[in-house]
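Thank you all for coming. Please take a moment with the sequence and the model before I begin.

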Amino acid sequence: MASEECISFPVIGEPAPDFEAETTHGPMKLSSLKGKWVVLFSHPADFTPVCTTEFMAFTAINDDLKALNAQLVGLSVDSVSAHLAWVHAVKEKMGVQIPFPIIADLTMKVSHLYGMIHKGQSSTAAIRTVFFIDDKGIMRAMLYYPMQNGRYMPEIIRLLKALQTSDKYKVATPANWQPGDKVVVPAPKTAAEMEKRLSEGYECKDWYLCFKKI
């Protein structure tokens with residue numbers, strides 16, 4: 001019996017798999033971007049309707065990501081030539097200049113390394129994924145979308161801000177959190193911490209659930 005194909009997936013909290021690839025901005029090595037956050041996303045194919053709307057939408061948030069010390073990087077299994085032709089067409093027809101690099105992954109090396117090929121959708125095209133890699137090269141979050149549905153850009157900005165807020169203040173963020181909202185204080189680990197918690201000025205709903213402003 002032939003062995004099943006081994007499919008790898010990155011793991012939250014572990015180093016993001018390193019790779020070298022050709023892009024529309026020249027050769028790129030992921031590890032060379034350490035010191036910046038990286039928002040790596042894949043799309044199924046160039047010259048397709050939903051992907052075109054997404055690339056214009058990603059372009060619209062590119063400056064917001066840069067302000068958060070994040071580099072946006074796109075990817076599909078198309079060639080550099082196809083990417084360049086599409087970038088030119090988007091500028092010519094839509095009036096939008098795509099400012100970030102797009103990885104050419106014809107061999108699907110990066111797509112397989114990051115688990116972007118889901119055979120339930122396609123064996124030759126990447127689904128819509130978004131990977132959040134921190135400035136130390138650690139995988140922090142992953143979002144997966146089917147080919148038919150475009151991504152919601154405000155959630156990408158919100159999640160990046162949530163991750164950075166958690167790092168800076170050593171807190172968690174509750175459901176539906178938006179920048180400026182109260183954050184969740186880590187739960188106490190001992191009985192003494194639990195008793196102390198109630199006198200520390202937090203807004204506590206119970207001993208394990210306390211909020212504060214930052």
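I will talk about two helices that pack together, and then about their aromatic rings.

This is a predicted model, in which local features need pLDDT of at least 70 and side-chain atom pairs count only at pLDDT 80 or more, while totals for chains, interfaces and linings use all residues. Residues are numbered from 1 along each chain as its sequence is written, and side-chain values use heavy atoms, with hydrogens and water left out.

Two packed helices are described by the angle between their axes and the distance between the axes. Here α1 and α2, helices being DSSP runs of H or I with at least four residues, numbered from the N terminus, pack at an angle of about 80°, with axes 11 Å apart; axes are lines fitted to C-alpha atoms over the stretch in contact, and angles run from 0 to 180 degrees between N-to-C directions. The two helices are therefore roughly perpendicular, a word that covers 65 to 115 degrees. In the contact, meaning heavy atoms within 4.5 Å, α1 brings C51, T52, F55 and M56, and α2 brings W86, V90 and M94.

How far apart are the ring centres of F55 and W86? They lie 4.6 Å apart, and because the planes stand at 55°, the pair is tilted; rings of Phe, Tyr and Trp (its six-membered ring) pair if their centres lie within 6.5 Å, with planes under 30 degrees apart counting as stacked, over 60 as edge-to-face and the rest as tilted. Both F55 and W86 are buried, that is, under 20% relative accessible area with a 1.4 Å probe, protein chains only. Ring pairs also link F55 and W86 with F41, F58 and F100 into a cluster.

Definitions and conventions: Buried < 20%, exposed > 50% of the residue type's maximum accessible area, 1.4 Å probe, protein only. Parallel < 35°, antiparallel > 145°, perpendicular 65-115°, else oblique.
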